[in-house]
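Work through the exercises below with the model open. Try each task before reading its solution.

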Amino acid sequence: MNRTEALPAIAGPDLTSRPGAIPALVFVGLLLAGLAFSGYSLFSDLNSAVAQPTSWLPYALLILALLIALGFEFVNGFHDTANAVATVIYTHSLPPHFAVVWSGVFNFLGVLFSSGAVAFGIISLLPVELILQVGSSSGFAMVFALLIAAILWNLGTWWLGLPASSSHTLIGSIIGVGIANALMHGRDGTSGVDWAQATKVGYSLLLSPLIGFVCAGLLLALRALVKQRELYEEPRGNRPPPWWIRSLLVLTCTGVSFAHGSNDGQKGMGLIMLILVGTVPLSYALNHAMPAAHMTQFAAVAQVTQQSLSRAVPANPARSDNARPALSEYVRTRALTPDVIPALAAMAGSIGHQVQAHGSLAGVPEAAVTNIRNDMYLASEAIRLLEKDDKAQLSPEARSNLKAFKTEIDGATKFIPLWVKVAVAIALGLGTMVGWRRIVVTVGQKIGKTHLTYAQGASAELVAMATIGAADVFGLPVSTTHVLSSGVAGTMAANRSGLQMATVRNLLTAWVLTLPAAILLSGSLYWLFSQLF
């Protein structure tokens, strides 16, 4: 008699049950409260920005763009976060509907406590000329194209039950817009993308699933240290695992959900902030929360930075009106010319004088807000590139001053209001609780040839939690889908359980096709929207 005949049959989870009325009512109440808070905050900001708007069209486009951005996060929720709950569901550690609600709550918290580094890392991939003109028709065409392309591809792969990467899709969409924008302006398509930053993101997307596969397999080496037989057995019947195993699995599911919210939620936040800056600059272009007392330090750092840069190139001064074109060209091409450092010196001085003249960021008049914000963005991006440019012959003092100045201007421009975090958290958390079954089934029972053991589930989740959390700290977008599904595959391979090669081939196909498909979709949509707007 073989092992399968000797043991009770393996019972799969019941994925058709419905949640009770009380949890549904509590969820709806919290949802309405969050939406009311976000809507009221946006309305208040719009009302205070312009007393008598001359046209409602920009605000109609703003609402539409916000809905599309939140729609992306909603799809991201049920597309990606199902990976976090597959292991606890298939090991009977949590009932399916309780698991998705639990995951949704911690996705929500992950978004609220996120750092914002990933959000602005995503924005730096976009073409600089479109960022500076985000409130224009070209800016809206960019936002609509990349978000709609990402949503379409995510929905298509979800419908097929393929856990493709939402992060991968969004990066491809951004690259597609950059290439299309460059070609439409008569430039080489490769000049429309920050390939250094894209390569950095690409490495994180490529290496994270490999790390998930290898490390999840290595964690099964615990078999030699932990002699609890139940940990390495497949669940039998519908009984939950022993309490200590169950606690470990729930803990790792919680960590993956929180890390997913913290990392993936920021992608939507970055794009929403870009939309708000372009449409309502008076409220969102500059951080009004910075105290007026801090402006003296801000102006002093700007002046010291200007002086140290001027000493580096004393024979080639630049005027502030020539600084923006020189820095824009540097950010776009990454080609360090003799004009760049003098332009940055002039820009630093100009920013310091303007902030000091107005007394605080909140005191900057509406007519000057967009220009100051664009100047700060260009200065920050130029400093970021100079820090990595070996051709920049700058003294340690100048580099130290540049770093301090970048910290000041990033604090003035790279901020995310609470209501934006709440809105994204609601969209992501709600998406977690809708449409999760297709991906859960793929991860839970179609990757390996055998049912997940407790050790396999915990290993895959633990590695995913650590990998995504580390990526959030370093401001790198990674794919929860890739990390978790590759982690499950790694545990199956290490345990010699066998892999279902048809599923693995489909996953690899989706992985390979996601980038070119997203590039083609977003580039085509950007061209179309540019003709319509």
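The exercises cover one helix and several aromatic contacts in this predicted model.

**Exercise 1.** Check the span of helix H9 (residues 166-184) against the expected rise of 1.5 Å a residue.

Solution. Start with the length: H9 has 19 residues. The expected span is 1.5 Å times one less than the number of residues. For H9 that gives 27 Å. The end C-alpha atoms lie 27 Å apart, so expectation and model agree.

**Exercise 2.** Decide how far H9 is enclosed by the rest of the structure, and find what follows the helix.

Solution. Apply the cut-off: buried means under 20% relative accessible area. In H9, 16 of the 19 residues are buried, so the helix is largely enclosed. After H9 comes Gly 186, with a positive phi near 75°.

**Exercise 3.** Classify the ring pair Phe 144 and Phe 529, then place both residues.

Solution. A search of the whole structure gives six aromatic pairs. In this one the ring centres are 6.4 Å apart and the planes meet at 85°. Edge-to-face needs over 60 degrees, so the Phe 144–Phe 529 pair is edge-to-face. Phe 144 sits in helix H8 (residues 137-159) and Phe 529 in helix H22 (residues 501-532), 385 residues apart. Phe 144 is buried at 4% relative accessibility. Phe 529 is buried at 12%.

**Exercise 4.** Do the same for Tyr 284 and Trp 419.

Solution. The centres are 6.3 Å apart and the planes at 65°, so this pair is edge-to-face. Tyr 284 belongs to helix H12 (residues 281-284), Trp 419 to helix H18 (residues 418-432). They are 135 residues apart. Tyr 284 is buried at 2%, and Trp 419 is buried at 7%.

How values were computed
Residues numbered from 1 in each chain as written. Predicted model: local features only at pLDDT ≥ 70, side-chain atom pairs only at ≥ 80, totals over all residues. Heavy atoms only, no water. Helix = DSSP H or I, 4+ residues; strand = E, 2+ residues; numbered from the N terminus. Buried < 20%, exposed > 50% of the residue type's maximum accessible area, 1.4 Å probe, protein only. Phe/Tyr/Trp six-rings, centres within 6.5 Å; stacked < 30°, edge-to-face > 60°.
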